[in-house]
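This report goes through the salt bridges, one helix and one sheet of the structure shown below.

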Amino acid sequence: MKIGFTGPLSGGQAAYGADNRDGLMLAVKELNARGVQVGGRKVSFEVVAQDDAADPRQGVAVAQLLADAHVRYVIGPYNSGVAIPAGRVYNDAGMLMLTVASNPKVTQLGYPRLFRVGVNDAQVGMSMAVHAATKMKARTVAVIDDRTAYGQGLVEEFVGEAKRQGLTVVRQEYTTDKATDFTAILSSIRAAQPDVVFYGGYSSQAGPMLRQMVTQGIRAPLLGGDGICTTETSRLSGGSLADGRVFCSQAGVVLEQADAGRAFAAKYRAAYQRDPLTYAVSFYDAAMLLADAMQKTGSTDPGKLAEQLAAGRYVGVAGEYAFNAAHDLKQSPVSVYGFKGGQPQALGR
């Protein structure tokens with residue numbers, strides 16, 4: 001059984017793409033070693049990995065390639081900006097799509113075989129806004145987004161909740177997911193003197209942005225979502241600048257605080273000689289969820305598997321997978337992280 005994978009295996013987000021792919025590969029290796037029976041027949045799994053480069057046009061081309069190759073299931077994309085246009089191709093081809101793309105519009109597409117196996121921007125953005133207001137006692141905030149579907153969606157949800165919490169947005173700036181120089185927007189933010197800065201985007205920009213914030217003398221902490229909740233933020237800042245300065249929110253259990261999470265992290269390190277990043281565990285769980293649905297239905301038909309996912313329940317490493325009518329997770333814990341020694345450390349829910 002071929003499982004398609006699509007994610008950014010090149011470009012600034014390549015570390016995320018490799019992390020996600022390798023989480024999926026780890027699950028497939030375990031499933032094949034275990035021996036999965038579907039309807040009395042043994043099946044084996046093969047990953048067909050494609051690089052969408054976090055680019056919507058390339059993502060659509062990859063989707064068409066997988067559809068033309070008669071791949072019936074895809075785990076991905078990682079990026080909302082890819083998932084939204086590519087989702088139509090997967091839907092038209094009758095494929096089952098399991099994605100972590102977090103923009104609310106992804107599941108609002110209403111495709112019957114599309115499921116979000118991660119949290120959405122509303123949950124992530126709102127939790128960070130509440131933390132800024134109640135724990136950090138912030139009163140003013142500057143926001144920046146990278147103009148991607150992910151970054152814009154995350155900032156929109158953060159700003160909405162921030163205002164409900166009584167925070168004032170003193171600057172709203174924009175960049176791109178390819179930018180490296182943030183001098184102009186940071187100069188504007190420095191003049192506004194916000195208590196915190198919230199960035200909707202990924203580590204590939206957050207790391208250099210943090211370094212330039214320090215250079216410009218901006219003391220406000222840098223906040224963000226799951227896109228910056230990784231060691232890549234610290235590494236790309238050029239050192240330990242993230243310690244005590246970067247705070248982010250991320251869905252799922254804290255791996256180090258659960259037996260299953262610790263076991264997964266240990267297996268991942270043994271296989272790849274590096275720590276898992278944000279979503280390796282979700283891609284691992286998605287493969288296990290897919291195999292579980294096959295076993296329960298005795299079928300490999302994407303439509304029947306979608307019906308099982310919509311009505312069923314599966315407990316994975318990152319939590320429980322049970323979906324509401326929109327095919328979002330009914331519940332998913334969201335934790336806030338700080339950085340220590342260049343590593344994200346959970347502060348609590």
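Is Asp145 buried or exposed? Asp145 is buried, with a relative accessible area of 3%. Here buried means under 20% relative accessible area, exposed means over 50%, and partly exposed lies in between (1.4 Å probe, protein chains only).

The model is predicted: local features need pLDDT of at least 70, side-chain atom pairs count only at pLDDT 80 or more, and totals for chains, interfaces and linings use all residues. Residues are numbered from 1 along each chain as its sequence is written, and side-chain values use heavy atoms, with hydrogens and water left out.

**Salt bridges**

A salt bridge is counted when a side-chain nitrogen of Lys or Arg lies within 4 Å of a carboxyl oxygen of Asp or Glu. The structure holds 14 of these salt bridges. Three of them are listed here.

| Pair | N to O distance | Relative accessibility, first residue | Relative accessibility, second residue |
|---|---|---|---|
| Arg147 and Asp145 | 3.2 Å | Arg147, 41% | Asp145, 3% |
| Arg269 and Asp275 | 2.4 Å | Arg269, 36% | Asp275, 35% |
| Lys296 and Asp292 | 2.9 Å | Lys296, 46% | Asp292, 16% |

Arg147 counts as partly exposed, whereas its partner Asp145 is buried. Arg269 is partly exposed, and Asp275 is partly exposed as well. In the pair formed by Lys296 and Asp292, Lys296 is partly exposed and Asp292 is buried. Lys296 and Asp292 are four residues apart in helix H11 (residues 280–297), so about one helical turn separates them. Elsewhere, a network of salt bridges links Arg21, Asp22 and Arg274.

**Helix H12**

Helices (H or I, at least four residues) and strands (E, at least two) are DSSP runs numbered from the N terminus. In helix H12 (residues 302–311), the residues Pro302, Leu305, Ala306 and Leu309 are buried. Seen down the helix axis, the buried residues of H12 fall within an arc of 105°, so they line one face of the helix. That arc is taken from the directions from the helix axis to the C-beta atoms. Glu307 and Ala311 are exposed and sit on the face of H12 turned away from its buried side.

The buried residues of H12 pack against H11 and three strands, S5 (73–75), S6 (96–99) and S7 (114–116); contact here means heavy atoms within 4.5 Å. At the N-terminal end of H12, Asp301 acts as a cap, with a side-chain oxygen 3.0 Å from the backbone nitrogen of Gly303. For such polar contacts, the N or O atoms must be within 3.5 Å; within protein, one must be able to donate a hydrogen and the other to accept it, and residues adjacent in sequence count only if both atoms are side-chain atoms.

**The sheet and its helices**

Five strands make up an open sheet with parallel pairing, in the order S4-S1-S5-S6-S7. Strand S4 (46–51) and S7 stand at the edges with a single partner strand each, so one side of each has no neighbour in the sheet. On average, neighbouring strands of this sheet are turned by 20° against each other, direction ignored. Two strands are taken to pair if DSSP finds at least two bridges between them. Strand S1 (residues 2–7) and S4 pair in the parallel sense over six bridges, and Gln50 in S4 is the bridge partner of Thr6.

Helix H1 (residues 14–34) lies across S1, S4 and S5 and runs at about 165° to S1. Helix H3 (residues 80–92) lies across S1, S5 and S6 and runs at about 160° to S6. Axes are lines fitted to C-alpha atoms, for helices over the stretch in contact, with angles from 0 to 180 degrees between N-to-C directions.
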